[in-house]
Amino acid sequence: MTGSSSRRSRARERRARDSASWRGPLRRYDILKEATIAIVVVTILTVVLAVLFSSPDVPPVTLRAWASAQPKGFTEIALSELNGTSDSATYGPPYNHQSGSVTDLYGISIQRAIGVTDPIDPAKDFVLDPLSTVSGQPALTAALHRYDTATHAQQMSWLATYARVLKRASVESGKLSVQKARYGPVGELLGAFLSMARSGGLDAALVEHSAFYTTNYTDAILFIGDSWKAQHGASYWGKIVTAQKMASDQWGVMNETGSYPGQPWLWLYTMWYQIGPMSTSSNGDIEVLAIMTVCSLALLFVPFIPGIRDIPRWIPVHRLIWRDYYRGQRHGGGPTGGHDPPRLQ
Amino acid sequence: MTASIVNMNAPDHYLHWSFILISLANFLVIVAMVVLFIAAITVPFVHSRRAKREAGDLSTSASHRSEPEADPSQAGADLRPSGKQADGGLWTARLRRLWLRRLPPDKLLPDSQPAYVASWIYVFGVLTLAGLLVAIVSGMVLALEGPIWWHVSTVGHFVNSLHMWSVECFLGFMAIHLWGKFWMASWRGKRALTWMTGVLAFLVSVFEAFTGYLSQTNFDSQWIAFESKDAMNAGGIGAFFNAMNFGQTLMLHIVFVPLVLVAIVALHILMVRLRGVAHPIDADPEHLGDVGSTAADKTARDGTIAVPVRSATAGNVTAGNVTAGKVTATPTARPAALPTGPGSSELGI
């Protein structure tokens, strides 16, 4: 018999033994009692943990709070929505046809293949539409009309001029002071937009799809998120995020606010973002997703993967788990004698 | 608004008698219900002769079942030829027979287990189930008052704390259970499906917890929604699942994913009961029965069901068989396979 056929034969025998029924010693077991005790123990443990530690609840960031705390930073992001340079405006599918955040793996992009399914026009959806809901302000209505009827080139020219003077803008007593220049209606628009945000009106206006019942916060979160993408830790949101150790380079999503445990089971997923090449790759998201898909499938199909399924035999942790059984095997005889009918121990 | 063939959006006609005021649409629905009720109790039932004949067969069968020797075991009763004839091709009866062959009551709710199931690692399966139960119950209480309640109520916050810590326990116990099962190579002996349903339950639980974090309506959910969208979009998942759509994440968290998770966990437990837990690696061959044969396989082959029979004198468990409704103890030197099979009496998943 050759070595390989002998190995195959041994593996077949092992598989057959693994499938065999058990005729060894038994012991009494009350399945319902075990379940009841487990439920009581876990309930008590949960109550004790809840009483001792409570649970975290840091309020969400509002546009009102952001605009009040950082009027200049807020206006910069609003301007980037209008001139199409924000992260949302350049994102790509599923929001628009740009390519700023489109990822691919070896040239294949699922993101691009599926295309735009949730169309978002940040200039219109985040800024101009909310402003159009404001009534009783003739200057704003006129500015909106002038902006809407201008050519794209004219709009870009106004926005570029405003961007230049905004860099030198100052904040006095919480108010944004911007130097006068040839920026057309943009000054009026962004001034009104800032006022709307500081009043809290923008928080409601950005929650879309219904004038009354609302459950979709995509626009509001993307708009706030654009500040993180553009200004990082200096943004209002970014300061809270980094203070809470929740940024992507701080093992982000698996963490929780305060000192609470978050989602530690996401450690492997989060880890890939911290190491190269994914940590610096523009395709990091799809690369990590691909790795995690492979890892998950590998875990699922462990029973069929030679090598991985043999690890428990090579590293005998099972010797520790079943130490009593193996000890009985070594000593032989006793209640474990295989020729007797199985007995309760 | 979706177009309809008949436009029902115009104001309805109302019928008014004395103090009764009812829309024509509501009136027609009630009339239809009354008509259906009258029809249901008056129209002759189809196949009434066949139904009568089958009813006669069943009553004959029932009189057989009342005989003392025909009811020693629930498992055996349905295997009798008369039962089969009476059942004919009924789906319910066939499913019941299959269920009882594969998973007789003593195997579903055992009172003994292999002696090697004696490590604390085995406890983490049932602890995981307990964690899931506490998470479901605390989540149901949270759902009663809506997603904002816990932000504005002390009681609500406490219930949220229970929910959060039960989830931490649930997933923590589940991970430990998974590690244990890996090092025991618990997929051995036709138990691959048990392993795979367990892994699937773990992965679905991670997604369930993720949707829970997205549904908190606080800073955490806001940030996680924004950060996770890039990975979702990169994989094309963002086209179907928008982490920033609170309505979608909440519905997934409290309806869809829990149903899927409970179904997978139920299947996993069923597999544990059916196949049992793997016996020790390199177990003593003297402790193993027919190679390649579990109790269920044996039953499927020869129509017998192995059940444990407690000896009146010693209290030991020996093996016995149920064949055609009769129990026969077999105190032989090499007993037939026990229903506890290869360690099948562990509830742990």
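The following conversation goes through several features of this predicted model and asks what each description rests on.

Visitor: What makes β1 and β2 of chain B a strand pair?
Guide: Two strands pair if there are at least two bridges between them, and strand β1 (residues 14–17) of chain B is joined to strand β2 (residues 20–23) of chain B by four bridges, in the antiparallel sense. One of the partnerships sets B:Leu15 against B:Ile22 in β2(B). The two strands form a hairpin with two residues between them, where B:Ser18 takes a positive phi near 50 degrees.

Visitor: How do you know that β1 of chain A pairs with β3 of chain B?
Guide: The same criterion of at least two bridges applies, and strand β1 (residues 26–28) of chain A meets strand β3 (residues 112–114) of chain B over three bridges, so the two count as paired, in the antiparallel sense. Within this pairing, A:Leu26 stands opposite B:Pro114 in β3(B).

Visitor: Which residues make up the wider contact between the chains?
Guide: Chain A contributes 88 residues and chain B 102 residues. On the side of chain A that touches chain B, the largest share, 12 residues, comes from helix α2 (residues 31–53) of chain A. That side of chain A divides into 47 nonpolar, 26 polar and 15 charged residues.

Visitor: Why is the span of α12 of chain B called close to the expected one?
Guide: The expected span is 1.5 Å times one less than the number of residues, and for the 30 residues of helix α12 (residues 246–275) of chain B this gives 44 Å, to which the 41 Å from first C-alpha to last is close.

Visitor: What makes B:Leu252 the centre of a kink?
Guide: The bend is the angle between axes fitted to the seven residues ending at a residue and the seven starting there, and in α12(B) a kink of about 50 degrees is centred on B:Leu252. Just after this helix, B:Gly276 takes a positive phi of about 80 degrees.

Visitor: How do you know how confident the predictor is in chain A?
Guide: On a scale from 0 to 100, chain A averages a pLDDT of 90, and 94% of the residues score at least 70. Among its elements, helix α1 (residues 3–19) of chain A has the lowest mean, 81, and α2(A) the highest, 97. Over residues 333–341 of chain A, however, the pLDDT is below 50, although this stretch has 21 contacts in the model beyond near neighbours in sequence.

Technical notes
Residues are numbered from 1 along each chain as its sequence is written. Chains are lettered from A and ligands numbered from 1 in the order in which they are written. This is a predicted model: local features need pLDDT of at least 70, side-chain atom pairs count only at pLDDT 80 or more; totals for chains, interfaces and linings use all residues. Two residues are in contact if their C-beta atoms, placed from the backbone, lie within 7 Å. Ala, Val, Leu, Ile, Met, Phe, Trp, Tyr, Cys and Pro count as nonpolar, Asp, Glu, Lys and Arg as charged, and the others, Gly among them, as polar.
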